[in-house]
Amino acid sequence: MDACKTPSYTLRSIKKWQRSIRKKAIEKLGGKCAQCGFTDPRALQIDHVLGTDEKSRKRGATLCRAVLEDQNGEYQLLCANCNWIKRAENNENRGYRQLLTEFNPAIN
Ligand SMILES: [Zn+2]
């Protein structure tokens, strides 16, 4: 066995696969922001409807696979704007919230 052999999965093919699985996930979720109807996939993000903490938040291809396997409607598409607003309102992103309260202590 030649351990130094070039792996059959090149970075290029992995990226291509990641793009295609993301496209499938976006298509499954309706292809537009659930809040405002924005459709440009470059700014669409897959969101866990109920929210998750940072530790268990899935990312990238793992997230896309979870979307494709999901039968319970646990995921939705949000554009970057709506996603940030949702996170701020639900306090899902403590870093962002902290930033807000530092900026304006009256928020808390
Ligand atoms: Zn939106």
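## Two helices that meet

Let's start with a helix pair in this predicted model. Helix 1, covering residues 11-28, packs with helix 2, covering residues 60-69, at an angle of about 40°, and their axes are 9 Å apart. Angles under 35 degrees would count as roughly parallel and those from 65 to 115 as roughly perpendicular, so helix 1 and helix 2 are oblique to each other. Their crossing is left-handed.

Which residues of helix 1 and helix 2 meet? On the helix 1 side you will find Gln-18, Ile-21, Arg-22, Lys-24, Ala-25 and Lys-28. Helix 2 brings Gly-60, Ala-61, Cys-64, Arg-65, Val-67 and Leu-68 to the contact. By character, the residues of this contact are six nonpolar, four charged and two polar.

## The chain as a whole

Stepping back, the protein chain has four helices and two strands. Read from the N terminus, the order of these elements is α-β-α-β-α-α. The chain holds 108 residues, and buried ones make up 13% of them.

How are the contacts spread along the sequence? Taking the contacts with a separation of 6 or more, 70% are between residues 24 or more positions apart.

## Two residues to look at

Lys-23 sits in helix 1. Is Lys-23 buried or partly exposed? Its C-beta atom has 13 others within 10 Å; exposed residues have 12 or fewer and buried ones 20 or more, so Lys-23 is partly exposed. If you follow the chain for 18 residues from Lys-23 you reach Pro-41, and the C-alpha atoms of these two residues are separated by 8.3 Å.

Arg-59 lies in the loop between strand 1 (44-48) and helix 2. Arg-59 has 8 C-beta neighbours inside 10 Å, and therefore counts as exposed. Arg-59 and Ile-46 are 13 residues apart along the chain, with 9.1 Å between their C-alpha atoms.

## How far to trust the model

The average pLDDT of the protein chain is 84, and 77% of the residues score at least 70. Which elements have the lowest and the highest mean pLDDT? Helix 4 (residues 94-103) has the lowest, at 60, while strand 2 (residues 75-79) has the highest, at 96. Where pLDDT is low, the predicted coordinates should not be read in detail. Please keep that in mind when you look at helix 4, with its mean pLDDT of 60.

Conventions
Residues are numbered from 1 along each chain as its sequence is written. This is a predicted model: local features need pLDDT of at least 70, side-chain atom pairs count only at pLDDT 80 or more; totals for chains, interfaces and linings use all residues. Axes are lines fitted to C-alpha atoms, for helices over the stretch in contact, and angles run from 0 to 180 degrees between N-to-C directions. Angles under 35 degrees count as roughly parallel, over 145 as roughly antiparallel, 65 to 115 as roughly perpendicular and the rest as oblique. A crossing is left-handed if the near helix is turned anticlockwise from the far one by less than a right angle, and right-handed if clockwise. Two residues are in contact if their C-beta atoms, placed from the backbone, lie within 7 Å. Ala, Val, Leu, Ile, Met, Phe, Trp, Tyr, Cys and Pro count as nonpolar, Asp, Glu, Lys and Arg as charged, and the others, Gly among them, as polar. pLDDT is the predictor's confidence in each residue, from 0 to 100.
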